Amino acid sequence: MSNRLYVVAGELSGDAHGAGLLRSLTELCPGVEIAGRGGPKMREIAGDRLIDWVEDAAVMGIWEVLKRYSWFKQRFNEMLDEVREFRPQVLLFVDYPGFNLRFSKAVKAEFPEIRQVYYISPQVWAWNKRRIPRMVEQLDQMLCLFPFEQPILQDAGLLTTFVGHPLVDELEPLRSNGLLRDENLVGLFPGSRERELAGLFPLMIESAKQLREWRPDLKFEVPAASMKLGQQLDQLLAEAEAADLIKVTQGGAHELMQRAGCGVIASGTATLEAAYFGLPYCLVYKVAGLTYVLAKLLVKIRFIGIVNILADEEVVREFIQAEAEAEKVVPVLKNFLQDPTERHELQHRLLETAARLGDPGTHERAAREVANWFEK
């Protein structure tokens, strides 16, 4: 009987990380059958039984999820039916904890014999440590990306393996050592979700306006994660009467992180990518009011940016919710643009922090852990 894996990822970052793992898994286990939900990169490797749903599934915030409850409930039931039909030996979750932990519980209740492996640990150390006993009960193994996560989960009784961060593997081939930074170019990274763009790109547009008035020679560029998001960026620029102020590109975020002199980045994976490439930046974060109020009640950490959490100190400036405005962001960018010493010092600290993500080979290590469960 062939090895069968059902996998669930719900965001573009999870699709990229999941694709790397699946590619290594197909090399370790030729003939492995893969079904589930993910994105275009995972589907390219897994084939037609993996459905691309990330553009619709990637919503952020409690209120945003509640508004689409019926859609998620329908997908949830469809996926349970798929597991009943496919009967995998292993269920692999890639990030996306709000949905995945609920789905894990449902599968565990009906199919306790299916082994469950979670790749990219939910940030229970930040949000909700009460989830940990539930994870210990439901999951067979956690594959974590950050070294500080392993003892937290291992001590609670969950088999946990630090495999390193997949960004090391994914970004190293994209590093362009011959690419020179343009000190007059500001990179804008408003995120990969429609809600993020709507909340954060207007403040980036206003920041660009103020900086252009200060220095007419400055240039601004924003990479769109998809054609749909590119259209949204164009619309927001038109509404702000700034269509000629900021260049919108399709993709190219990693190259821009190596070309720009500094940047503004939405909280998320992109902040870690920018650190890896040594781009001086400040972080912005803004969500629906209800989501933020609830988050304030739950969050138990000093910082929201993963770079600052990893370093356990403020490496980059964070502007959260009401502080995420041009009046706060512009002075930081001005310092970067006119003070090479500050820029270079931050670059060094970012690269030093990114080095804590582990050695190359994350995908292979993670795939080997998953493959081990086929033999048990």
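What follows is a short exchange about the cores and the sheet of this predicted model.

Biologist: What makes L5, Y119, F201 and I246 part of a nonpolar core?

Modeller: A nonpolar core takes buried residues of certain types, joined through side-chain atoms within 4.5 Å. The largest such core here has 96 residues. L5, Y119, F201 and I246 are members, and they touch the most other members. So each of the four counts as buried, under 20% relative accessible area.

Biologist: Which helix gives the most to this core?

Modeller: Helix α10, residues 194-214, with eight residues. There is also a second, separate core of 29 residues. V8, Y96, L101 and I132 are among its members.

Biologist: Why are β3 and β7 called edge strands?

Modeller: The open sheet has seven strands, in the order β3-β2-β1-β4-β5-β6-β7. Strands β3 (50-52) and β7 (160-162) each pair on one side only, so they are the edges.

Biologist: How do you know that β2 and β3 pair?

Modeller: Pairing needs at least two bridges. Three bridges join β2 (residues 33-38) to β3, so the two strands pair. They run parallel. In β3, L50 is the bridge partner of G36.

Biologist: What does helix α1 touch on the sheet?

Modeller: Helix α1, residues 12-28, packs on the sheet and touches β1, β2, β3, β4 and β5. Contact means heavy atoms within 4.5 Å, so α1 comes within that distance of each of these strands. The direction of α1 makes about 165° with that of β1.

Biologist: And which strands does helix α8 touch?

Modeller: Helix α8, residues 149-156, touches β6 and β7. The direction of α8 makes about 165° with that of β7.

Methods. Residues are numbered from 1 along each chain as its sequence is written. This is a predicted model: local features need pLDDT of at least 70, side-chain atom pairs count only at pLDDT 80 or more; totals for chains, interfaces and linings use all residues. Side-chain values use heavy atoms; hydrogens and water are left out. Buried means under 20% relative accessible area, exposed over 50%, partly exposed in between (1.4 Å probe, protein chains only). Helices (H or I, at least four residues) and strands (E, at least two) are DSSP runs, numbered from the N terminus. Axes are lines fitted to C-alpha atoms, for helices over the stretch in contact, and angles run from 0 to 180 degrees between N-to-C directions.
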